[in-house]
Amino acid sequence: MTDLVRSHTELDADDVAWLQLLQADWQIIADLSFADLVLWLPDREGKGFWAAGQMRPTTGPTAYVDDVIGTFVPVGRRPLIDAAYAEGRLVREGDPEWRDDVPVRVETIPVRRAGRVIAVVARNTNLLGVRTPSRLELSYLQSAADLTQMIAHGYFPAAGQRSDHADTPRVGDGFLRVDAAGRVVYASPNGLSVFRRLGHSGDLTGLSLADTTRELVPPRRRPDEETLSAVLGGRAHRDTEIGTDGVALIVRSIPLRPQGDHIGALVLVRDVTDLRRRDRELVTKDATIREIHHRVKNNLQTVAALLRLQARRMDNESARLALEEAVRRVGSIAIVHEILSQAVEERVDFDEIIDPLGRMVTEVSAVGSRVRVRRTGTFGVLPSESATALAMVLTELLQNAVEHGFDPDDADLTGEIVLTAQRLVGRLHVTVDDDGRGLPADFDLDASSSLGLTIVRTLVESELGGQLELGPRPGGRGTRAGLDLPVE
């Protein structure tokens with residue numbers, strides 16, 4: 001709709017916001033009317049109208065086989081739309097239209113905001129199979145008529161919160177009509193069933209909905225008294241949640257004032273007990289997963305501490321160095337699990353992992369703070385599996401740069417390792433550049449027997465599905481390691 005408004009109309013931002021509020025609620029009108037709704041916007045040059053929105057009913061057959069959004073109707077082709085827009089009134093005159101051998105009754109409703117008509121809603125009812133309406137259908141149609149009058153007079157939609165969130169009640173979930181005093185005039189079978197789940201027995205007709213709910217719902221499961229009275233009494237366009245220890249309901253109230261005076265409200269109710277139970281299960285599962293990551297992190301830190309103690313007792317220098325490398329590898333995995341233990345989802349912002357990894361590599365090395373790691377660019381969010389493997393890879397590459405690129409005995413040593421990340425079209429490009437002494441002249445990545453590089457190649461090619469390059473740093477001395485990885 002925003003694109004159509006910008007391209008073809010003179011509606012302002014407040015008009016668009018009003019129409020978006022209308023669309024947030026017009027599924028209710030379509031269901032109550034048993035009709036398709038189409039939103040027509042006036043062309044800025046006055047040549048006709050553009051279809052900017054369409055809603056089909058869930059309570060009856062559609063009058064449109066195809067979508068009409070984006071189509072243009074010139075002035076004169078649909079006289080009912082022209083009349084509703086020009087005269088600012090509901091237009092019901094005329095014989096049914098025939099579409100694909102289906103008779104369709106068309107009514108047009110002016111959409112008024114701040115005293116002027118800004119659009120027209122066409123209500124299209126498929127007349128095939130029309131029969132004598134039941135009491136339920138009569139209540140639906142009367143409520144739809146009240147709402148369309150409110151649209152025409154500028155009383156609907158109500159300014160404030162949108163009502164199109166995922167668990168909001170719909171007409172078929174449970175429908176109640178209350179009068180101006182908040183007493184039930186009609187309750188649909190589904191609406192009655194919902195209140196019987198709360199513990200009510202018998203009919204609701206004639207009862208105060210707010211008082212009845214107070215008797216059924218314990219105070220600790222109710223909203224505040226002002227909200228309860230306003231919503232259940234039909235005086236506020238609002239949602240609220242109520243329930244018992246075993247049942248949870250969402251109640252939604254839409255006050256009715258077709259001519260300006262409050263005459264009652266339609267109240268929609270939905271049993272969300274199963275939804276809330278699943279929500280609690282998901283919260284419990286998320287907490288359990290985070291606790292598992294926390295315990296894995298603790299266990300890995302314990303393993304690292306044991307390896308560190310063992311390394312201190314080693315007389316063999318090569319064995320001691322090997323254990324210290326193992327400590328760093330375990331530590332990099334522990335950092336990933338530490339981040340995951342604080343995350344809501346099994347996806348992590350990798351920048352939060354790589355920065356402490358860079359500090360860890362230099363702090364435990366012989367060069368210490370004389371070599372610093374600097375990151376440019378951003379890695380973005382990665383799945384936990386990819387994050388673990390990439391953390392291991394970058395730990396090895398950073399460690400290789402620190403150990404083999406710089407001489408710890410150089411008293412004047414100052415060095416820098418630049419870690420660059422860039423995401424482009426489903427790929428993650430990473431480079432690790434150091435300004436150290438560079439690779440040996442006879443270095444061959446394919447022939448290298450280094451355990452660290454073997455780990456890196458295996459993880460990059462097998463776990464991450466990417467490619468590894470290792471060679472001289474372009475434009476200066478030092479070494480560059482490059483990674484090209486697929487990402488979501």
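Before the first pairing I want to show, one definition: two strands are said to pair here if DSSP finds at least two bridges between them. With that in hand, I should also say at once that what we are looking at is a predicted model, so please take every value that follows as computed from that model.

Let me begin with the strand S9, which covers residues 238–243. S9 pairs with strand S10, residues 248–256, in the antiparallel sense over 6 bridges, and within that pairing Arg238 has Ser253 of S10 as its bridge partner. As a general reminder, the strands of a sheet pair through backbone hydrogen bonds, and they may do so in either the parallel or the antiparallel sense.

These two strands belong to an open sheet of 5 strands, and if you trace the order on the model you will read S8-S7-S11-S10-S9, with antiparallel pairing. Which strands stand at the edges? They are S8, residues 184–187, and S9, and because each has a single partner strand, one side of each is left without a neighbour in the sheet. From one strand to the next, the twist of this sheet averages 25°.

Moving inward from S9 and S10, we come to S11, residues 264–271, which runs antiparallel to S10 and is joined to it by 8 bridges; here Leu249 is partnered with Asp271 of S11. S11 also pairs with strand S7, residues 175–179, again in the antiparallel sense, over 5 bridges, and in that case the bridge partner of Asp179 is Gly264. S11 is mostly covered, with 6 of its 8 residues buried.

Now to the helix on this sheet. Helix H7, residues 225–232, lies across S9, S10 and S11, and it runs at about 110° to S9. Is H7 largely enclosed or largely open? Since 6 of its 8 residues are buried, H7 is largely enclosed by the rest of the structure. The buried residues in H7 are Thr227, Leu228, Ser229, Ala230, Val231 and Leu232, and what covers them includes helix H6, residues 209–216, together with S9, S10 and S11.

Let me turn briefly to helix H4, residues 135–153, where a simple check on length is possible. At 1.5 Å a residue, its 19 residues should span 27 Å, and the end C-alpha atoms are indeed 27 Å apart, which agrees. Its buried residues include Tyr140, Ala144, Leu147 and Ile151. An α-helix has 3.6 residues a turn, so residues three or four places apart point the same way. Just after H4, Gly154 takes a positive phi of about 85°.

The next part of the model holds another open sheet of 5 strands, in the order S13-S15-S16-S18-S17, and here the pairing is mixed. The edge strands are S13, residues 371–377, and S17, residues 467–472, each of which pairs on one side only, and the twist from one strand to the next averages 15°. S13 and S15, residues 415–424, pair in the parallel sense over 7 bridges, with Val418 of S15 as the bridge partner of Arg374. Helix H10, residues 351–363, lies across S13 and S15 and runs at about 165° to S13.

I will finish with a pair of helices, H11, residues 384–405, and H12, whose axes come within 9 Å and cross at roughly 150°. Angles over 145 degrees count as roughly antiparallel, and H11 and H12 are therefore roughly antiparallel to each other; their crossing is left-handed. On the H11 side, the residues that meet H12 are Ala389, Met392, Val393, Glu396, Leu397 and Asn400, while those they meet in H12 include Gly452, Leu453, Ile455 and Val456.

Two residues from this interface deserve a closer look. Gly452 is found in H12, residues 451–463, and at 6% relative accessibility it counts as buried. Leaving aside residues up to four places away in sequence, what does Gly452 touch? The residues are Arg329 and Glu396. By contrast, the C-alpha atoms of Gly452 and Ala387, which lie 65 residues apart along the chain, are separated by 18 Å. Asn400, on the H11 side, is also buried, with a relative accessible area of 18%, where the cut-off for buried is under 20%. With the residues up to four places away again not counted, Asn400 touches Gly405 and Leu453.

Key: Residues numbered from 1 in each chain as written. Predicted model: local features only at pLDDT ≥ 70, side-chain atom pairs only at ≥ 80, totals over all residues. Heavy atoms only, no water. Helix = DSSP H or I, 4+ residues; strand = E, 2+ residues; numbered from the N terminus. Axes fitted to C-alpha atoms, helices over the stretch in contact; angles between N-to-C directions. Contact = heavy atoms within 4.5 Å. Buried < 20%, exposed > 50% of the residue type's maximum accessible area, 1.4 Å probe, protein only. Expected span 1.5 Å × (residues − 1). Parallel < 35°, antiparallel > 145°, perpendicular 65-115°, else oblique. Left-handed = near helix turned anticlockwise from the far one by under 90°.
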